[in-house]
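Visitor: I have a structure open and want to learn how to read it. Where do we begin?

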Amino acid sequence: MFYGDTVAAIATSSGDGSISVIRVSGDRSVEYVSRVFFDKKGKNIDLKSFETHTVHYGFIRNFENELLDEVLVLLMRAPRSYTAEDVVEIHCHGGHMICQLILECLNRAGVRIAEPGEFTKRAFLNGRIDLSQAEAVMDVIQSKSKISLENSLTQLKGSVRKKIVELREILLEDTAYLEAALDDPEHISLDGFSDRLGKHVFNLQREVNHLLENSQNGRIIRDGIYTVIVGRPNVGKSSLLNCILREERAIVTDIPGTTRDTLEEDIKIGSVLLRLIDTAGIRDSDDKVEKIGINKAKESIERADFIICMIDSTEELTEEDFYVMEEIADRNGVILLNKCDRQDGNIAMDPDMFSERCKKAKSEEWVSHILSDKKIFCFSAKTSEGLEELEQYLKDQFLREQISYHDDIYITNARQQECLADTAESLAQLMQSIEDGMPEDLYAIDLCNAYEALGKIIGETVEEDIIDKIFKDFCMGK
Ligand code: GDP
């Protein structure tokens, strides 16, 4: 058990609300809160005699015996609490001033004001949760979509820990056997050990690589599908963004080249999060400012998971349109033939007319190379025609693969991903040594490295400064 002093912080978010919670944790929390807790008649209430997990009604009074608030106090004794220490929560009226005054009063009674993340850090130091679970706490709070939240919750329940412990167990057994055999070669034989180890390492590599591959999907789960809208100026990119957002955020004008910078918005389609980026049109331009925008657009295309290419279906196709399509060849995306609602002037192209015109302007080969893997459909950013189809297409593309995510582990945390990559590297080196028939005593180093890298994920072999850094990013009162 980790023994720290007794700390307190406001656990609810800042700003006015109907109630706020002040959390006090540490072995003297019951005593300290009792010092400022009174009944209706002004008689002090000693929480010491009460059972754990009970709620008590009363009043907080300061040391001048002034009434601060009418409160409910929750008592949770160690180890059955968030931190695994004695925890007392004071539910007071919402409002920054009240909370501050109660906190000051507790401070005078003996508690220290907690650092950001200190409660979760204590839960970790007391062994109630591992580091992957502590990081999941943060992710749960910051989740922006249902999928992301569900994934963080399974991690919070210990899905990552369970898997990592299982993998480390295998490494530990092999290391123990190897060390014992090296120590006592007369009684413990290393005959056939390399083969056995090789098989284990092969399986471990498969598991670790699978986790690494999943972590790519993990990014999508956590941060959303990075979706870029491209097209020449005035085809309706900003209008599409607005149409999806169903509110006017991007500037929509008739003058080509007005979207000079990139615009980012997080939106939800069903349970998945879309990070939408509206780019400057990609075209040759002498305008310095516009050039910056165009370069940014190209950078966004580079890192995109999905690209929406817009074409003005009521106008002739231009070299610029073809240029944009070429830029996104071989990339996951769709082509929207926008403005299909327009009845004036040219008739809007449908997908067949569009392909025909491309063939005529470029060539059959060009079309089969550039358009073959692209879904093309009619769209109107004005009337939202095609929006449902687009949403469905995105769901099919990104949710289908993730349907099995319930029984799989998606590591979404960058620090944990790095540890996995280190593990993979040590395993690859170990495999190489086995294949090269190196002496067995050389295996021990890589075995150990892989074991330690995995341990870092759950916080078993992490240096103190890294732990401090992780918890510093937490919010106050968590
Ligand atoms: P961007 O330069 O590609 O971002 O294009 P904008 O979104 O600024 O749109 C350019 C012009 O086309 C504006 O006048 C829009 O109102 C118009 N527009 C965009 N989408 C549609 C559409 O689906 N139908 C019609 N009729 N007009 C549209």
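Guide: With a sheet. This is a predicted model. Here 7 strands make up an open sheet with mixed pairing, in the order S3-S4-S5-S6-S2-S1-S7. At the edges sit S3 (37-38) and S7 (112-113), each paired on one side only.

Visitor: Which helix packs on the sheet, and which strands does the helix touch?

Guide: Helix H3, residues 118-125, packs there. Its contacts are with S1 (7-10), S2 (19-25) and S7. The direction of H3 makes about 135 degrees with that of S1.

Visitor: How should I read the strands themselves?

Guide: Start with a general idea. Along a regular strand, side chains alternate between the two faces of the sheet. Then go pair by pair. S3 and S4 (residues 54-61) are antiparallel, with 2 bridges. Phe38 has Phe59 in S4 as its bridge partner.

Visitor: How many bridges join S4 to S5?

Guide: There are 8, and the two strands run antiparallel. S5 covers residues 67-76. Tyr57 finds its bridge partner in Leu72 of S5. S4 and S5 form a hairpin, with 5 residues between them. In that turn, Asn65 has a positive phi of about 65 degrees.

Visitor: And S5 with S6?

Guide: Antiparallel again, over 5 bridges. S6 spans residues 87-93. Val73 is partnered by Ile90 in S6.

Visitor: Back to H3. Is H3 largely enclosed or open?

Guide: The general idea comes from helix geometry. An α-helix has 3.6 residues a turn, so residues three or four places apart point the same way. Now count burial. In H3, 6 of the 8 residues are buried, so the helix is largely enclosed by the rest of the structure. They are Glu118, Phe119, Thr120, Arg122, Ala123 and Phe124.

Visitor: What do the buried residues of H3 pack against?

Guide: Strands and helices both. The strands are S1, S2 and S7. The helices are H4 (131-142), H15 (443-458) and H16 (464-472). Just after H3, Gly127 adopts a positive phi of about 80 degrees.

Visitor: How many disulfides does a search of the whole structure find?

Guide: It finds 0. The test is sulfur distance: a disulfide needs two cysteine sulfur atoms within 2.5 Å. Cys92 is in no disulfide, and its nearest cysteine sulfur, in Cys99, is 4.0 Å away. Cys92 is also buried, at 2% relative accessible area.

Visitor: Why does Cys378 form no bond with Cys340?

Guide: Because the two sulfurs are 5.5 Å apart, too far for a bond. Cys340 holds the cysteine sulfur closest to that of Cys378. Is Cys378 buried or exposed? In between: at 24% relative accessibility, Cys378 counts as partly exposed.

Visitor: Now zoom out. What describes the whole protein?

Guide: Begin with the inventory: 16 helices and 13 strands. Then check the radius of gyration. A compact globule of 478 residues would be near 23 Å, but this protein has 30 Å. The C-alpha trace spans about 85 × 80 × 40 Å along its principal axes.

Visitor: What about burial, contacts and surface?

Guide: Of the 478 residues, 50% count as buried. Take contacts between residues at least 6 apart in sequence: 68% join residues at least 24 apart. The exposed area is about 23700 Å², and carbon and sulfur atoms supply 49% of it.

Technical notes:
Residues numbered from 1 in each chain as written. Predicted model: local features only at pLDDT ≥ 70, side-chain atom pairs only at ≥ 80, totals over all residues. Heavy atoms only, no water. Pairing = 2+ DSSP bridges. Helix = DSSP H or I, 4+ residues; strand = E, 2+ residues; numbered from the N terminus. Contact = heavy atoms within 4.5 Å. Axes fitted to C-alpha atoms, helices over the stretch in contact; angles between N-to-C directions. Buried < 20%, exposed > 50% of the residue type's maximum accessible area, 1.4 Å probe, protein only. Rg over C-alpha atoms; globule rule 2.2 N^0.38 Å. Areas by Shrake-Rupley, 256 points an atom, 1.4 Å probe, with all protein chains shown as cover.
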